Amino acid sequence: MIESALSSTSLPADATGEGNAGLFSIGWQPAEWPERGAAAAMAQWHVISWGPSASADRCHDALRASGLAAGVARATLAVATSAAEVAASLRWDLPAADRRVVFFLDGAPAFDASAARGNWAWAHALVHACQQAALASGTRLWIVTATGLLGPTPAGPARPEQYFAWGLGRCHAVESPESWGGLIDIDAGDADAGDAVARFLTSGSSEDEVALSPDGLQVPRLAAISGLRAMARSFDGDRLFVLTGGLQGLSFEIARWLGARGARRLLVLGRSPLDAGRQDRLRELQALCDHVEYQAHDVGDPEVMQALTARLKHEGRRIGGIFHLASSWQRNGRTAVAPLAHVTREDTEEVVWAKAQGALLVAEMARQTDADLLVLFSTAAATLGSPGQANYAGANSVLDGVARQFEGSRTRALSVAWGPIAEAGFGNSEQGRDLHELWERVGLRRLRLAHVLSTLDGSLDAPESHVTAISVDEDQGLSLPWLQSRPIFEGLSGSAATGLLLPELASLPPAQRVDFIARTLRASLATILNLDEQDVGLEAPLADLGVDSLVALEMLFTVDRDFGVSLGFDETLLGMDVTLRALAGEIDRRLPAQALEMAA
Ligand SMILES: NC(=O)c1ccc[n+]([C@@H]2O[C@H](COP(=O)([O-])OP(=O)(O)OC[C@H]3O[C@@H](n4cnc5c(N)ncnc54)[C@H](OP(=O)(O)O)[C@@H]3O)[C@@H](O)[C@H]2O)c1
């Protein structure tokens, strides 16, 4: 549980009196260079870059020269090369005891609004690399970005789109920890960056997120923001407020909030045409504000957004704020947000389009119109990591990069990574309710609309460009299995509510342990699936028992709570032919020996 740190920080109480949302930010701090270690002595290294990369070349040469490597391979990916071909050329399919893959993105082309599609080819290759790393046993993946935005002082050139790697990586880290190496941000202008990467990689450091620059090494830590006051703000009625995200869900609620706070001119952009329900909501807004316009515009389409920006400039509109809430998580009626192994290129395209590409395009609109405010709705999955949401978290992280890019400019930009939100939008859908109930069982409470609005009030005046807003159950604390093992959460850690059944297990003869674990798993699964225990066979494949990604996620939490074992998501979900008894055997093998001894 990390209740002490999490519950001591809070925004002012919301109007409902139902508790507070905690606000957190990621701070970067200097760290000592670790001593050169022998951890990687026998590793095979594969250095990949998207496009030519002098840093990747230097890293490759430094690894070869280090004498610590069993072998070093180098490959360059390009738009014309399929990621699968490159993976095949590196022979990831061959088993390796210790294979380390380092994927450099500093050579990837910058986002180009004139190239409607094709901007994200490197991101698809990256997702593919994550998938390959998770599948190829003995493999660990590091991703090297050159955002120009990480670390305490933003350097240039800024590449907010490369933040995609950070949300993606944080989910990979919790979904498939055994194949995760880490995230490294480098200064694109530093000729020695490749050497620094090699030095860091061979140090055996336990940090899995770092920013390297000529000034040294920085590491991120999530920390509570305190002392904020939620002052009810009022908005300038003469200015135009633009919302992406349509006339339903949270976007509609934010539009109403703006109206209630003095905004008189709204332009709402959605993807869908005006149907009867949207007409009603439009009328409601028009009763609140003087001028409310709705346009069915695809916010991911550069031509459409550039034309709109040109129109707003031509009309001399003064923009009070742009609120970016557009998001799409479904494709052809099925979810496009999936466990890494199941994510397709089309899924990632769908998720990135409105959310990340839309953010880059509204940022351009904010720049060109000199907007007062730019508020971007991101997700806590991009901060905390969330098994099964890697492509969605990646797309949301781009919003954090976009907001950071505005630091020091006249436009106040803020990206808020929200925890689960009830009462509107996704949180009101069946899928959303199921997912959010699951998060609540591990202590991450749903935010109510009142929380969201008071959080906006409070955080708009905060100095940070990116905050995370979550509400943690004060009695239970937050029990996410990975919080203890990821350095970024170090400042939050208290005693973890894990391994609750270890004392009971320790009192059993070793030969009875697997059976005990299997019966416990069966009882948990029966509760989750609302079945009688006798209907849950110990020898039946998980798939036959009705385990889907949500159930697998809950099992992952349950196994950590009961036995103190962090399973990878792929072990409960992707090995669907695995039986409960086989899973119990695996858990038994991984029982934390020290904790077991202490419990005995
Ligand atoms: N709900 C939560 O628990 C939660 C938590 C964290 C973050 N967030 C973020 O908060 C925002 C709002 O959440 P929500 O639950 O209200 O989302 P939602 O129900 O999924 O609504 C998003 C809306 O975006 C619009 N949209 C999608 N693609 C578009 C495109 N290409 N161009 C223009 N509009 C497009 C759609 O409007 P039309 O259907 O009208 O076209 C859609 O209804 C999202 O960005 C979400 O990621 C939500």
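Trainee: What makes the pair of a ligand nitrogen atom and a polar backbone atom of histidine 297 a polar contact?
Mentor: The two atoms are 3.3 Å apart. A polar contact needs a pair of N or O atoms within 3.5 Å, so this pair counts. The model is predicted: local features need pLDDT of at least 70, side-chain atom pairs need 80 or more, and totals for chains, interfaces and linings use all residues. Residues are numbered from 1 along each chain, and side-chain values use heavy atoms, without hydrogens or water.

Trainee: Which other backbone atoms lie at such distances from the ligand?
Mentor: A backbone N or O atom of leucine 325 lies 2.8 Å from a ligand oxygen. For serine 327, a polar backbone atom is 3.3 Å from an oxygen atom of the ligand.

Trainee: How much of the ligand does the protein bury?
Mentor: It buries 92% of the 890 Å² that the ligand exposes alone. Those areas come from the Shrake-Rupley method with a 1.4 Å probe.

Trainee: What makes a residue part of the ligand's surroundings?
Mentor: One of its heavy atoms must lie within 4 Å. 29 residues surround the ligand. Arg271, Ser272, Lys355, Tyr392 and Phe426 are the closest.

Trainee: Where does the second largest pocket lie, and why?
Mentor: Domain 1 (28-220) and domain 3 (502-599) both give residues to its lining, so the pocket lies between them. The domain bounds come from an automatic or database assignment.

Trainee: Which residues lie nearest the centre of that pocket?
Mentor: Arg140, Pro177, Trp180, Gly181 and Asp208 do, out of 23 lining residues. A lining residue has an atom within 4 Å of a pocket point.

Key. Polar contact = N/O pair within 3.5 Å; in protein donor to acceptor, adjacent residues only side chain to side chain. 1 Å grid on protein atoms, 1.4 Å probe; cavity = no way out; pocket = protein on both sides within 12 Å on 5 of 7 lines; lining within 4 Å.
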